Amino acid sequence: MAHSEKVTKKELKEDKFVTLTLEFYEFLRKNLKNIIISVGIVIVIIAAFSIYYYNRQQKEAAASVAMEEAIKLFEEAETAWTGQGKEEKKQEKSSNDYKDKYKKAKTKFDDIIKRYGSSNYANKALYYSAKASYQIGEYDQAIQVFRQLVDKYPNSLFALFAQSALGNCYEQKGGGDNLRKAISEYAPVKFEKFAIFPQ
């Protein structure tokens, strides 16, 4: 009697396995189309993410190369500008040499902003574009770009530098109204948002 009970339990387990297998097969048969579509969607999402990530990496690399070239031009302009003070008696063509170099560097930085605006180099390019404008005396243009940097990238160290530079631009423009604006830009309240950076 005990032996037949054990057989029954064994048969019961086998029957449950067969039943589950048949139910699973029936589920697959009925839902195969939906399963294939779901798997296809997952594959497409993974492929799209991979392509997006790859393109992003490629853009970052291209932005890095472009930034190196622009910084090199900017440094050449800085060298020409510092040499300008020593050789002020030189002819007019030489005196504009540093301005031409700053303009070329600015064009490169502006191209980086336009082409790689979503890259990690955009805030740096904005800063140097504005700084190039400042160095050639285009203070209104510099103010506009420094302001854009401060507003768009408040958590950037370059935005902190830009906030200070705004005051410098107004000082260089001169006049009572501009000096008041400079004082306003130097006000401690303007720097509160940069408290995340060490002093």
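Over which residues does pLDDT stay under 50? In this predicted model, that stretch is residues 89-93, and the model has zero contacts for these residues beyond four places in sequence. Across the chain, pLDDT averages 83, and 85% of the residues score at least 70. The chain holds eight helices and zero strands. Two helix pairs, α4 with α5 and α5 with α6, are set out below.

**Confidence**

- Where pLDDT is low, the predicted coordinates should not be read in detail.
- Residues 89-93 are a stretch with pLDDT under 50.

**Chain overview**

- In sequence order the elements read α-α-α-α-α-α-α-α.
- The chain has 199 residues, and 26% of them count as buried.
- Taking contacts between residues at least 6 apart in sequence, 60% join residues at least 24 apart.

**Helix α4 against helix α5**

- Helix α4 covers residues 122-135.
- The axes of α4 and α5 lie 7 Å apart, and the two helices pack at an angle of about 160°.
- Angles over 145 degrees count as roughly antiparallel, so α4 is roughly antiparallel to α5.
- The two helices, α4 and α5, make a left-handed crossing.
- From α4, the residues in contact are N123, L126, Y127, A130, K131, S133 and Y134.
- Their partners in α5 are Y139, Q141, A142, V145, F146, Q148 and L149.
- Sorted by class, the contact of α4 with α5 has nine nonpolar, four polar and one charged residues.

**Helix α5 against helix α6**

- Helix α5 spans residues 139-152, and helix α6 spans residues 157-173.
- Their axes come within 9 Å and cross at roughly 155°.
- The cut-off of 145 degrees applies here too, so α5 is roughly antiparallel to α6.
- The crossing in which α5 passes α6 is left-handed.
- On the α5 side, the contact is made by Y139, D140, A142, I143, F146, R147, L149 and V150.
- On the α6 side, the residues met are F158, A159, A162, Q163, A165, L166, C169, Y170, Q172 and K173.
- The contact of α5 with α6 has 13 nonpolar, two polar and three charged residues.

**Residues of α5 in both contacts**

- Y139, A142, F146 and L149 are among the α5 residues that meet α4, and these four are also among those that meet α6.
- Q141, V145 and Q148 in α5 are listed for the contact with α4, while D140, I143, R147 and V150 are listed for the contact with α6.

Notes
Residues are numbered from 1 along each chain as its sequence is written. This is a predicted model: local features need pLDDT of at least 70, side-chain atom pairs count only at pLDDT 80 or more; totals for chains, interfaces and linings use all residues. Side-chain values use heavy atoms; hydrogens and water are left out. Axes are lines fitted to C-alpha atoms, for helices over the stretch in contact, and angles run from 0 to 180 degrees between N-to-C directions. Angles under 35 degrees count as roughly parallel, over 145 as roughly antiparallel, 65 to 115 as roughly perpendicular and the rest as oblique. A crossing is left-handed if the near helix is turned anticlockwise from the far one by less than a right angle, and right-handed if clockwise. Contact means heavy atoms within 4.5 Å. Ala, Val, Leu, Ile, Met, Phe, Trp, Tyr, Cys and Pro count as nonpolar, Asp, Glu, Lys and Arg as charged, and the others, Gly among them, as polar. pLDDT is the predictor's confidence in each residue, from 0 to 100. Buried means under 20% relative accessible area, exposed over 50%, partly exposed in between (1.4 Å probe, protein chains only).
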